[in-house]
Amino acid sequence: MMRHLRNAASPLKLCRPTAPATAVTEKPMSDVRPSRSVVKAILTDLQFWVPVAVLAGGLMVLRWIS
Amino acid sequence: MSAAQVEVVERERPGLVTPPRLRTLQNVGMLCGLTAGAWLGAAEAPTKLVTLGLSPVVVSLTMVIGVFLARWTLPALIQGTSYIAADLRQAPHLIVWAILAGCLWAVANTLTIFAVRDVGLSIAFPLWNSNSLLGIVWGIVFFKELRGADWRRWLGVLGGGLLMFAGATALAIASASQVPARDAARGIIAALAAGVMWGTMYIPYRKAYLTGMSPLSFVTFFTVGELGMMTILALTYSGGGSALWTQLSGARHVLFWLLAGGFIWVIGDLFQQYAVKYAGITRGIPLSNTNQLWGLLWGILVFGELHAASGSVLAQVVGGSLVMAIGAGVIAMSSVSRSEHASWQEAAEREGARYGVRSDYTQARIAGEGGAIGATRKRSGLDWVVVGVATAIIIGFALVARAPQISIHAGWSMALIAATLAMLIIAGSALWRATRFN
């Protein structure tokens, strides 16, 4: 019985939790290091492609007017 | 986000900025925006001393060289290169954004020179000044600006932006230059394209400052993009290196004034970047667009423009200036609420999570604090070399410069210089006290 309570949560709350609740709280998202590479993060960021597209458009306008 | 939701967020995230601190940062951001307007307007003065006849790319390239010198000198003097390097190491991905923003600026600046050539300043200026309206859109769409703000703040920012645009249009028409329209369609498209590019340039700005980077660090690589792109454009459109060199050496007597314009422009731009950081795109950019008012003051009071203007034109100038000032005032009163600032911090956390930036760094920097980056502000031998080389280059150009053959009103010139310097001192000291230039 003790072994069962220690290894799994008891739906009937037959005993006190064996560890404080905070110990299993997930870290905030901002503390999590991304698994993807920085390059991949940049290339999949819409906020990167909007300026790139605008830069390409601006260069085309410049080529046209000059 | 409601007040109750803000309270919940505050309990969960004790790093949120306190209300008094938020007010301080807001006031500093607004002050920086207004000071940016004064310095960006003053940057037009040296360029007025240059006799026209230079090609647009040569004008743009020379200004960018002055910008480059200033963008390395001022951060080296204020923070030191070791501090800048430590700051960049916290979020190295932002180097890509800085270079991208610099490329956008260089192309946009060149487009404006073509636009002025083709349709004149009166039409071109309000068209490219629409960048602040696009900046507001990007701020709302990408960075959660105005989220959680009440309707009065929405009305203040959008209404103020539109008022400033209307005032700018009236001023530009009134100060119409005598440049004949050569090719209206091409000039209008060039001016609009410049506005879109500058408006979009605020995406990298805001991204960097939400992450926490100091503007003094960001601009060092921003200017690499500027100079690199401008050099490519100048080589391409001038017909190669030797042709470009011939044009530059032929214009050596006036290059100093363009360099000086670029240098002054950087001081305004630095304040604009701090305005974006602490007041957001939606407030900072419209306020810094008061540069048109300052440019007009320099034109009328110092260079005697509009001295023969009719009464209706002068009425247009006064009316346009008042409308613009009212618009700036309305925006300045639409300060960021706590709930909106909590939304900014959500956007900042999203950036940190995406690119693996330390959350304590982001939280400290968004509150205008230093954060632990493992470096202190101190000047090394390298910093003095940077400052020395830049100063020598500027002195070299000054030695071959010719005094401009143009009459100016010295009294008004001194008065405007004093006012601009006073704003620099007031805003600079407020920024230092509140954020230590972080």
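The following exchange concerns a predicted model and how some of its features are named.

Colleague: Why is α11(B) called oblique to α13(B)?

Modeller: Helix α11 (residues 215-238) of chain B and helix α13 (residues 255-279) of chain B pack at an angle of about 125 degrees. Roughly perpendicular covers 65 to 115 degrees and roughly antiparallel begins over 145, so the rest count as oblique. The angle of about 125 degrees therefore makes α11(B) oblique to α13(B). Their axes lie 10 Å apart, and the crossing is right-handed.

Colleague: Which residues of α11(B) and α13(B) meet?

Modeller: From α11(B), Pro215(B), Phe218(B) and Val219(B) meet Leu270(B), Gln273(B), Tyr274(B) and Lys277(B) of α13(B). This contact consists of five nonpolar residues, one polar and one charged.

Colleague: What makes Lys277(B) and Gln273(B), both in that contact, fall into separate classes?

Modeller: Lys counts as charged, whereas Gln is absent from the nonpolar and charged lists and therefore counts as polar.

Colleague: How many residues does each chain bring to the contact between chain B and chain A?

Modeller: Chain B gives 29 residues and chain A gives 23 residues. On the side of chain B, α6 (94-119), α10 (184-211) and α17 (338-355) each supply at least two residues. The largest share, 10 residues, comes from α10(B). By class, the side of chain B that touches chain A divides into 19 nonpolar, six polar and four charged residues.

Colleague: What elements make up chain A?

Modeller: Chain A has three helices and zero strands, and its elements run α-α-α from the N terminus on. Of its 66 residues, 12% are buried, a term that requires 20 or more other C-beta atoms within 10 Å.

Terms used:
Residues numbered from 1 in each chain as written. Chains lettered and ligands numbered in written order. Predicted model: local features only at pLDDT ≥ 70, side-chain atom pairs only at ≥ 80, totals over all residues. Axes fitted to C-alpha atoms, helices over the stretch in contact; angles between N-to-C directions. Helix = DSSP H or I, 4+ residues; strand = E, 2+ residues; numbered from the N terminus. Parallel < 35°, antiparallel > 145°, perpendicular 65-115°, else oblique. Left-handed = near helix turned anticlockwise from the far one by under 90°. Contact = placed C-beta atoms within 7 Å.
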